[in-house]
Amino acid sequence: MYDDLIGRPFASQNQGLSFDRHTAKRLLAEAQEALPYEYSALLTGHGSMVTGYLAMRSSSHGRNSFSWDAPSFFQALASVRKAGVQWVGILHSHPTSPPVPSEADQIGWHYPQLAYWILSFAGGMPDLRLYQWSDGRFVERPYTLADIAGSVGSTGDMPPRSD
């Protein structure tokens with residue numbers, strides 16, 4: 001259903017996900033500008049590659065939560081379709097908590113085929129994590145930052161993860 005619009009980044013368990021380095025840097029900057037509030041974006045691309053995004057304004061204006069109103073969400077999906085890309089996941093920030101899905105994140109996630117990204121500013125360095133919904137819970141997955149062909153280009157790196 002809607003395979004041309006909704007991607008399946010986890011179609012192969014052995015396939016790693018890639019996030020365009022330039023796109024990740026732009027998202028990091030926008031999420032930092034949104035502090036102390038949560039930031040969210042609908043991620044776009046093809047297959048297991050994130051190559052773009054649509055920033056989504058939260059209808060809740062919360063420091064520890066985000067929500068999208070239906071008209072904005074459907075308008076974003078129409079933009080994705082028009083651009084000829086797929087919706088491959090979402091990203092949201094945690095301004096003051098670790099990059100671990102909260103109870104609200106788990107209850108509110110309705111798209112198990114898509115990637116779930118959390119960018120935390122709780123530590124000294126931004127920390128980006130990727131999750132997949134599997135067997136009723138989020139499971140952390142590895143990913144790579146890459147210079148993906150067709151992107152604008154690399155202008156820097158996300159800081160390394162601290163495990």
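Leaving aside its neighbours within four places in sequence, with which residues is L43 in contact?

1. L43 meets F19, L27, V50, G52, Y53, Q86, W87, V88, G89, I90, L91 and W117, where contact means heavy atoms within 4.5 Å. This is a predicted model, in which local features need pLDDT of at least 70 and side-chain atom pairs count only at pLDDT 80 or more, while totals for chains, interfaces and linings use all residues. Residues are numbered from 1 along each chain as its sequence is written, and side-chain values use heavy atoms, with hydrogens and water left out.

2. The largest nonpolar core (buried Ala, Val, Leu, Ile, Met, Phe, Trp, Tyr and Cys residues joined through side-chain atoms within 4.5 Å) has 21 residues. F19, L27, L43 and W117 have the most contacts inside this core. Two or more residues each come from strand 1 (17-20), helix 1 (21-34), strand 2 (40-46), strand 3 (49-56), strand 4 (86-94), strand 5 (115-120) and strand 6 (127-134). Helix 1 gives the largest share, four residues. Helices (H or I, at least four residues) and strands (E, at least two) are DSSP runs, numbered from the N terminus.

3. Another core, of 17 residues, lies apart from the largest one; I6, I118, Y131 and F138 are among its members.

4. Two backbone features merit inspection. Most residues other than glycine have a negative phi, and most peptide bonds are trans. L35 and P36 are joined by a cis peptide bond, with omega about 15°; P36 lies in the loop between helix 1 and strand 2.

5. D135, not a glycine, has a positive phi of about 50°. D135 is in the loop between strand 6 and strand 7 (137-141) and is exposed, with a relative accessible area of 79% (buried means under 20%, exposed over 50%, partly exposed in between; 1.4 Å probe, protein chains only).
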